[in-house]
Amino acid sequence: MFVCYVLVHNLIIFTGIEVSRGNLLVNIMTLLVGSVVFIVFSNISFIMAENKGYSKIVHTSSLFIFFILVGIGFLQTTNQLLGVFSFIDKITGAITENVYTARVQLLSGEPSWATMHMLTFGFLFIGFYTKTKRKIFLVITIAISVIFFFSLSFYGYTVLFLSFFIFLIVSKKVKPVYIITFIVGAILIIALLPIIINSLGIDNYSSGRFLKLNNIHSIEDLLYIDGSFFVRIVFPIIGVLNFTDSPLFGVGGGQSFINLKEFITLYFDKGLIYPEVYNNVYINPEVFTPRNLFAKILGEEGLIGFLLYIFFLVRIYIKAKHNSTELFAFSLVLSIMMNFDSYMTIDIWLLLGMINGGYFSAKKE
């Protein structure tokens, strides 16, 4: 229902005068692609649950792919921490256009995307291990966890801890091991990472963020740590403000930029010191996105579209709530949605599809 509503709503807005038709078309196409991915992985998950032979094929294919990705991730991590294996940047550059020197990005165009993929596939391999008890899945999971930990991605850690927090809220029974895992993980990142950064003398974008956190004394300080922090906090608010401007139907798919200049100059003008904010407001506003899928849907599709999407998520939650593995997958999806805003975020549809297909709730292989 949500997809049908967005298609009809966006096609009606397409006939308007002051709209970005290019953004509307991109919005429609990305949603259609995401929907197809959801259907495909729902069917894959269902077949895996029913057919052990098919399940083994998927497992073997996943292992082959991640042996390569883990190897690349190990080289990037070592390069970031110790300044060796710098040749990995050339390998990364041969596959993706954007290369972030001395940062962990796997084969993604953005380090933040890489951490999201590590969380998604790290979870999948834990699920595979739980289902099959094959130790190779546990080994891959540990390897991904180590790379993720040393990625120094504040953004990735935020998504992970938010996932745990949501999981603790939606779980019917909160086992002590869940709380212990949450606390231990927080201690490792908050206490151990600064020691590692200082002892190894790591000086790059990621490590600099942790050092800046020592100077935080208020919410305003947090808001103005750097441009990336500002964007992640303020841009979702712009999406919500778009909703207040057009609450029932929203401003239309991909049209979040319409009131951007007004809202930024009125409420957050200090952020114009950051190039990523200034460029979005004055240079190329049509590329603006709210950085939060909930804020995007609320502002662009209005209350009707937002409620339809929540209804879809509630249906998925009903399927997941009796299985802790699926429930954590659902929590991870919500966390990713709060930090990414594209319908093309494949990780979201993959996890939702795996829940919908019932693979993790089926009997162990």
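In the predicted model, Glu 300 and Lys 296 are both buried. These two residues form a salt bridge in which the closest N and O atoms lie 2.8 Å apart, and a search of the whole structure finds one such salt bridge. Glu 300 and Lys 296 are four residues apart in helix α14, and are therefore separated by about one helical turn. An α-helix has 3.6 residues a turn, so residues three or four places apart point the same way. In general, side chains of opposite charge can pair when their charged atoms come close.

The nonpolar interior was examined next. The largest nonpolar core holds 81 residues, of which Tyr 309, Leu 313, Met 337, Leu 351 and Leu 352 touch the most other members. Helix α14, which spans residues 293-320, gives the most to this core, with eleven residues. When residues up to four places away in sequence are not counted, Met 337 touches Asn 292, Leu 293 and Phe 294, together with Tyr 309, Leu 313, Ile 348 and Leu 352. A second core, separate from the largest one and made up of 16 residues, includes Leu 223, Ile 264, Phe 268 and Val 277. In soluble globular proteins, nonpolar side chains tend to be buried together.

Val 277, a member of the second core, also belongs to helix α13 (residues 275-283), whose buried residues are Val 277, Asn 280 and Val 281. Seen down the axis of α13, these buried residues fall within an arc of 90°, and they therefore line one face of the helix. The face of α13 turned away from this buried side carries Pro 275 and Ile 283, which are exposed. The buried residues of α13 are covered by elements that include α11 (227-245) and α12 (260-267).

A further buried position is found in helix α2 (residues 21-50), where Ser 42 is located. Ser 42 has a relative accessible area of 10% and is therefore classed as buried, the cut-off for this class being under 20%. The side chain of Ser 42 reaches the backbone oxygen of Phe 38 at 2.8 Å, and a polar contact of 3.1 Å joins the side chain of Ser 42 to that of Asn 356. With neighbours within four places in sequence left aside, the residues in contact with Ser 42 are Gly 353, Asn 356 and Gly 357. Asn 356 thus appears both in the polar contact with the side chain of Ser 42 and in the list of residues that Ser 42 contacts beyond its sequence neighbours.

Notes: Residues are numbered from 1 along each chain as its sequence is written. This is a predicted model: local features need pLDDT of at least 70, side-chain atom pairs count only at pLDDT 80 or more; totals for chains, interfaces and linings use all residues. Side-chain values use heavy atoms; hydrogens and water are left out. Helices (H or I, at least four residues) and strands (E, at least two) are DSSP runs, numbered from the N terminus. Buried means under 20% relative accessible area, exposed over 50%, partly exposed in between (1.4 Å probe, protein chains only). A polar contact is a pair of N or O atoms within 3.5 Å; within protein, one must be able to donate a hydrogen and the other to accept it, and residues adjacent in sequence count only if both atoms are side-chain atoms. Contact means heavy atoms within 4.5 Å. The arc is that of the directions from the helix axis to the C-beta atoms. A nonpolar core is a set of buried Ala, Val, Leu, Ile, Met, Phe, Trp, Tyr and Cys residues joined through side-chain atoms within 4.5 Å. A salt bridge is a side-chain nitrogen of Lys or Arg within 4 Å of a carboxyl oxygen of Asp or Glu.
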